[in-house]
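User: I would like to go through the labels attached to this model and hear, for each, what supports it.

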Amino acid sequence: MFQLVFIRIKDTGCQTTRTLHLAMSEGKTLDVNQDVDGFNSEITKAGYSVADLQDIGYLLASTFKQAQTLELHIDDDVLALHSPTVWAKWVSLGLALSAYDYKHRDSFHLEPIINAFELQTAEPTLSGAFFEGQVLAKSQLIARELVNKPGNVIYPESFVSAVQELPMDNTQLSFLTESEMREQGFGGLVGISQGSDRDGRMLCLDYHPEGAQTTIVLVGKGVTFDTGGISIKGQLRMSTMKVDMGGAAAVVGALNAITQLHLPVRVIGLCGLVENMPSGGAIKPGDVVTMLSGKSVEIISTDAEGRMVLADVMHYAQQTYQPDYLIDIATLTGATGVSLGKAFASLMGNSDELKTLAKVAGDSCSEPLWEMPIGTDLFEAALKSDFADVRHGSEDGDAGASVAATFLNHFVSPGQKWIHIDSAAMSLGMTHRKIYPKAASGYGTFLLTALCQHIASHTNNDK
């Protein structure tokens, strides 16, 4: 039997030890049974996924809130499902997330406070895995804090201010103002932002460790509130549209983790930050705008704003950094949620190599991806315009996720390895997981971090 012993950093005044035993059975759910012999509690299940390991850590800490020491006793056949380091990493993450309970404050300051533990071990690999779990937990809480705060607190300018307070080693923070982007020709991003009284921003986080030979750009959609603009949304669930910056929040969370884990690759995080509001100055259906790339785009629905923001930022990324890998993540289309629910985010792109790495990374951290097609004749036909080089969507809405990604593909340079992650259903309401009892999930933080780790390993092995 394998044992992990965790000691709570904060003195609870209750010097007790509580134990949780993991065993195999025919069970399918994570139910903590406290009526067992030999242990304080037990979970029995037919199999244990990475998601289960994360949730077990959360259950262990939240079931025994006052115990100073928590012991996890794992039967050998259960342990064999994952390596000891995987157990230590993901259980420690669940422990760390167990104390988070978002409380509103009228401030952009982030408070990603974890439930702090120590792992009692003399094994360096287990210590390293435990540390990684703690880092990932805090990094995800940064993303969750950004998404949880309402649109009157987090908007493009204050989003940047919040991130400026985060300590990130080897990372340069800069940003472009709306006037600077207008001068440079960001027609898509500025076109969406112009309906709001709050100016847009493009945030850049450039992690550049010495000796890095591979460059990765992460692009996050950061619509801090989305009314739909002139194509205004219905009343139902509009209050949740503060989560439309979930992609940008995930990029920030991932950069925080990547800097602390000292990955040997250059990673640039770019966040296109706007509000999408209706006003006399707002963009309208039928308008034609010229993008940063020089392409003209006919607007069909102003509620398809995210792709306009992403397209400009993706073009900027390629022209400025010439990345080896370009990855964008966005709460882009309701069509993805209709297709996949909360089981998967959708994955599209032009690089089989990068798509494979992304799927492996998603499975490794329990933020899985499901590949969907792009670029077929039918999807391209939906983008044909009589008035511009391309229109940004179709009138009928068929294959919405694939059409949106096909539009983005028009702004990817020949030979550029690129993937698009549509996480529209994943940023909120993930309450089937123990680690997300309410509010935002911070989805994408784990995935982007793991993907950068896999790319670093993959490219280093090739050299």
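User: Into which domains is the chain divided, and which residues does each take?

Analyst: This is a predicted model, and its chain is divided into domain 1, residues 9–134, and domain 2, residues 151–462. The C-alpha centres of the two domains lie 32 Å apart, and the contact between them takes 21 residues from domain 1 and 20 residues from domain 2.

User: How much area is buried between domain 1 and domain 2, and which three residues of domain 1 supply the most?

Analyst: About 1700 Å² is buried between domain 1 and domain 2, with carbon and sulfur atoms giving 65% of that area. On the side of domain 1, Asp55, Tyr58 and Phe108 supply 29% of what this domain buries against domain 2, which is more than any other three residues.

User: What makes the pair of lysine 438 and aspartate 101 a salt bridge?

Analyst: The closest N and O atoms of lysine 438 and aspartate 101 are 2.7 Å apart, and a salt bridge asks for a side-chain nitrogen of Lys or Arg within 4 Å of a carboxyl oxygen of Asp or Glu, so the pair meets the rule. Between domain 1 and domain 2 the count is 2 salt bridges, and across this interface 9 residue pairs are found in polar contact. On the side of domain 1 that touches domain 2, the elements giving two or more residues are α1 (50–63), α3 (84–97) and α4 (124–148), of which α1 gives the most, with 6 residues.

User: Why is glutamine 318 called buried?

Analyst: Its relative accessibility is 5%, and buried means under 20%, so glutamine 318 counts as buried. Glutamine 318 has its place in helix α9, residues 306–321, and, leaving aside residues up to four places away in sequence, it touches Pro323, Leu326, Phe411, Val412, Ser413 and Gln416.

User: Why does glutamate 180 count as partly exposed?

Analyst: Glutamate 180 has a relative accessibility of 32%, and because buried means under 20% and exposed over 50%, with partly exposed in between, the residue counts as partly exposed. Glutamate 180 lies in helix α6, residues 178–184.

User: How do you know that the side chain of glutamate 180 is within polar-contact distance of the backbone nitrogen of threonine 177?

Analyst: A polar atom of the glutamate 180 side chain lies 2.8 Å from that backbone nitrogen of threonine 177, and the cut-off for a pair of N or O atoms is 3.5 Å, so the distance falls within it.

Notes
Residues are numbered from 1 along each chain as its sequence is written. This is a predicted model: local features need pLDDT of at least 70, side-chain atom pairs count only at pLDDT 80 or more; totals for chains, interfaces and linings use all residues. Side-chain values use heavy atoms; hydrogens and water are left out. Domain bounds come from an automatic or database domain assignment. Contact means heavy atoms within 4.5 Å. Buried area is the accessible area (1.4 Å probe) that two parts lose on being put together, summed over both. A polar contact is a pair of N or O atoms within 3.5 Å; within protein, one must be able to donate a hydrogen and the other to accept it, and residues adjacent in sequence count only if both atoms are side-chain atoms. Helices (H or I, at least four residues) and strands (E, at least two) are DSSP runs, numbered from the N terminus. Buried means under 20% relative accessible area, exposed over 50%, partly exposed in between (1.4 Å probe, protein chains only).
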